[in-house]
Amino acid sequence: MRAARLIKMVLLLQSRPSMTAAELAGELEVSERTVTRDAQALSEAGVPVYADRGRAGGYRLVGGYRTRLTGLARHEAEALFLSGLPTALREMGLDDAASAARLKVSAALLPSLRDASHTAAQRFHLDAPGWYHDPVTPGLLPAVAEAVWDDRLLRARYRRRPSGEVERELAPYGLVLKAGVWYLCARAGDDFRVYRIDRFTDIAVTETRFARDEDFDLPRFWEERAAQFARSILRTEVTVRLSEEGVRRLAHVVDRAAADEALAGAPDPDGNGRRTVVLPVESEEVAYSQLLTLGADVEVLAPAALRERFADTAERLRDLYH
């Protein structure tokens, strides 16, 4: 365990000019005191780790030292071949580059590890699109991916309902594949926004490179925007009375965060063990299709029009099965 951590510490220092004890502790998931002990152990083993003192100090390797401790264990090699998404790479036009990289990595592995790509592929496969949807690759995706990789500004025409098309100059920061749909996270002026790739009608990759904001974190940005979007579409409220089973299943039929928040603010169960919940939903139409799956474990109390619709459905079901 410690040997692996020492190797990782050397590789981290090899990849950066210097790192503070706090940065190393964060990367290695240990305390700063452990970092100090590990640095001392490396120095005693002949690795030229130098500690700079003071507020701006840190650890660095002296004299352009390069480690040869880069051999891969089997589980590491298999994980490496799992890190790529073959379908996504193909859609971005990077399949040839990824294939060449895999061949080079395979050739560099020990003979006993050269079946890692096969063993990984036979055990794990990612199928990104959701069920019942045929994946469609946007024709402009490779051009957008090229701009993302090269940090080049885009001139784009974007179809925005209901106002028609708009023209934008975008600094493309990153691509996200969500449930089979490709999105571009880009800076437009001073704001970061999200665009669906299949709504671009024209793309021109310019020769101008933009200065990337190094503080931009694509996973965190996407998580925040996805959460904002999920909340923004919940514009209506319905009041329902749920059985114990309905409470358990609610998060599986509506937005999970909305369900959890609604249940957390709901009063205790009544004498029959049922809970009354005020639930935010996208619309009455969506609520009808979602809540209907709960059957007799949900009773709609409000709005009145939705309650009447459920009552009518219950009548028709009774007549059908009578």
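This text walks through the fold, a strand pair, the largest pocket and a few individual residues.

The model is predicted. The protein chain has 322 residues, and 31% of them count as buried. Its secondary structure comes to 13 helices and 10 strands. Take the contacts between residues at least 6 apart in sequence: 61% of these join residues at least 24 apart. The accessible surface comes to about 20,800 Å². Carbon and sulfur atoms hold 51% of that surface.

Start with a pair of strands. Strand β8 covers residues 236–242, and 7 bridges join it to β9. The two strands run antiparallel. One of the partnerships links Thr239 to Val278 in β9.

Now look along β9 itself, residues 275–281. Which of its side chains point to the buried face? Arg275, Val277, Leu279 and Val281 do, and these residues are buried. Thr276, Val278 and Pro280 point to the other face and are not buried. The side chains thus alternate along the strand. Val278, the bridge partner of Thr239, belongs to the face that is not buried.

Val240 gives a view from the β8 side, since its place is in that strand. Is Val240 buried or exposed? Its relative accessibility is 0%, so Val240 counts as buried. The cut-off for buried is under 20% relative accessible area. Leaving out residues up to four places away in sequence, Val240 touches Arg275, Thr276 and Val277, among others. Its contacts also include Leu291, Val298, Glu299, Val300 and Leu301. Of these, Arg275 and Val277 point to the buried face of β9. Val240 and Glu299 are 59 residues apart in sequence, yet their C-alpha atoms are 5.5 Å apart in space.

Strand β10 spans 298–302, and helix α13 spans 304–321. Pro303 sits in the loop between them. The peptide bond from Ala302 to Pro303 is cis, with omega near 0 degrees.

Next comes the largest pocket. Its volume is about 900 Å³. The lining counts 20 residues, and the closest to the pocket centre are Tyr183, Val194, Arg196, Trp222 and Phe229. Which elements give two or more residues to the lining? They are the strands β3 (152–160), β4 (164–178), β5 (181–188) and β6 (191–196), together with helix α9 (218–232). The most comes from α9, with 6 residues. What is the make-up of the lining by residue class? It divides into 10 nonpolar, 2 polar and 8 charged residues.

Just before β3 in the chain is a backbone detail. Asp151 lies in the loop between α8 (141–150) and β3. Asp151 is not a glycine, but its phi is positive, at about 55 degrees.

Glu29 also has a positive phi, near 60 degrees, and is likewise a residue other than glycine. Its place is in the loop between α2 (21–28) and α3 (32–44). Glu29 counts as exposed because its relative accessible area is 73%. The cut-off for exposed is over 50%.

The last stop is Arg5, in helix α1, residues 2–15. Arg5 has 18% relative accessibility, so this residue counts as buried. Not counting residues up to four places away in sequence, Arg5 touches Leu28, Val30, Thr34 and Asp38. Leu28 falls within the range of α2, while Thr34 and Asp38 fall within that of α3.

How values were computed:
Residues numbered from 1 in each chain as written. Predicted model: local features only at pLDDT ≥ 70, side-chain atom pairs only at ≥ 80, totals over all residues. Heavy atoms only, no water. Helix = DSSP H or I, 4+ residues; strand = E, 2+ residues; numbered from the N terminus. Buried < 20%, exposed > 50% of the residue type's maximum accessible area, 1.4 Å probe, protein only. Contact = heavy atoms within 4.5 Å. Areas by Shrake-Rupley, 256 points an atom, 1.4 Å probe, with all protein chains shown as cover. Pairing = 2+ DSSP bridges. 1 Å grid on protein atoms, 1.4 Å probe; cavity = no way out; pocket = protein on both sides within 12 Å on 5 of 7 lines; lining within 4 Å. Points joined across faces, edges and corners; volume = space filled by probe spheres on them. Nonpolar A, V, L, I, M, F, W, Y, C, P; charged D, E, K, R; others polar.
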